[in-house]
Amino acid sequence: MNEQTVIFTDGSSRGNPGPGGYAAIIVTGGKVIEFGGQEAHTTNNRMELRAAIEALKFLKGSTFLQIQGRTLVYTDSRYLINGITKWVFGWQKNGWITGAKEEVQNRDLWEALVALVRGKKIDWQYIGGHVGIAGNTRCDEIATTFADNKKIDLYSGFVESCPIKDILNINIDHTLVAEKSETKNRSRAKAYSYLSMINGTIKTHATWAECEARVKGVKGAKFKKALDAVEEKNITGEWRA
């Protein structure tokens, strides 16, 4: 990855809308810089856009970084990639009205991003989230920390001194991919039952609504989905142990 500028971006919101944060990591000319920000009331898509905008704005005015070669932006937001590489051209042509005859959401940010990329060659690359890619994982950490209004130490310095030693490694962890797929499949699978435990008392529920009604807002409450009778028994056994 020599002779190029690499940017990782990510956005997060606690609720949609809710408190949000964005993050970016720029690697170029042998240097790395991390940064992020927050908004009190926003959406995940707006934070994804803000991450890209702020990264490109920083590059434009930076004296710390020496921009090299082409610019690659790695993001786990298909909304961001599709918007800036496809949809935006139709939106502009149609006066920022969608094919469904509705106003384009987040127009202010799309216009800001369009202005920043005009005349520049940027390669927008999709990478899966939570699959072990160091730059994406770190951006997620920064964005969620800002969304939670907490403090986080951000790095600015040379690549060789960066705490994340594999910052430019975009190889995925196939174990994490498998776990992510299993979790997704599990969430879609029909439940045999739902279990909840409050102050050591375990109850079995036929529906998630019943389970949620019992545990919602209760400190220390546990709840879990069982896919069959064996799993239900195992969960109960673990909790009682």
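**A guided tour, from a loop to the cores**

Select Lys 101 to begin: this residue is found in the loop between α2 and α3. The model on display is a predicted one. Although Lys 101 is not a glycine, its phi is positive, at about 65 degrees. The residue counts as exposed because its relative accessibility is 71%, and the cut-off for that class is over 50%.

Next, select the two helices that flank this loop. Helix α2 covers residues 78–93, and it packs with α3 at an angle of about 95 degrees, the axes lying 11 Å apart. The angle therefore makes α2 roughly perpendicular to α3. To display the contact, choose Tyr 79, Leu 80, Gly 83, Ile 84, Val 88, Trp 91 and Gln 92 in α2, together with Trp 110, Leu 113, Val 114 and Val 117 in α3. By class, the residues of this contact are nine nonpolar, two polar and no charged.

Keep α3 (residues 107–117) selected and add helix α1 (residues 44–61); these two pack at an angle of about 30 degrees, with 10 Å between their axes. Angles under 35 degrees count as roughly parallel, so α1 and α3 are described as roughly parallel to each other. Their crossing is left-handed. On the α1 side, the residues making the contact include Leu 49, Ile 53 and Leu 56; on the α3 side, they include Leu 109, Leu 113 and Leu 116. The contact of α1 with α3 comprises 10 nonpolar, no polar and five charged residues.

Now move to the interior. The largest nonpolar core has 28 residues, and Leu 56, Trp 110, Leu 113 and Trp 124 have the most contacts inside it. At least two residues of this core come from each of β2 (18–28), β3 (31–42), α1, α2, α3 and β5 (122–126). Centre the view on Leu 56: neighbours within four places in sequence aside, it is in contact with Ile 7, Leu 113, Leu 116, Val 117, Ile 122 and Trp 124. Apart from the largest core lies another, of 20 residues, and Leu 72, Ile 127, Phe 146 and Tyr 155 are among them.

Two loops complete the tour. Select Pro 17, in the loop between β1 (4–13) and β2; the peptide bond leading to Pro 17 from Asn 16 is cis, with omega near 20 degrees. Finally, select Asn 199, in the loop between β7 (193–198) and β8 (201–205). Asn 199 is not a glycine, yet it has a positive phi of about 50 degrees. With a relative accessibility of 77%, Asn 199 counts as exposed.

How values were computed. Residues numbered from 1 in each chain as written. Predicted model: local features only at pLDDT ≥ 70, side-chain atom pairs only at ≥ 80, totals over all residues. Heavy atoms only, no water. Axes fitted to C-alpha atoms, helices over the stretch in contact; angles between N-to-C directions. Helix = DSSP H or I, 4+ residues; strand = E, 2+ residues; numbered from the N terminus. Parallel < 35°, antiparallel > 145°, perpendicular 65-115°, else oblique. Left-handed = near helix turned anticlockwise from the far one by under 90°. Contact = heavy atoms within 4.5 Å. Nonpolar A, V, L, I, M, F, W, Y, C, P; charged D, E, K, R; others polar. Core = buried A, V, L, I, M, F, W, Y, C linked by side-chain atoms within 4.5 Å. Buried < 20%, exposed > 50% of the residue type's maximum accessible area, 1.4 Å probe, protein only.
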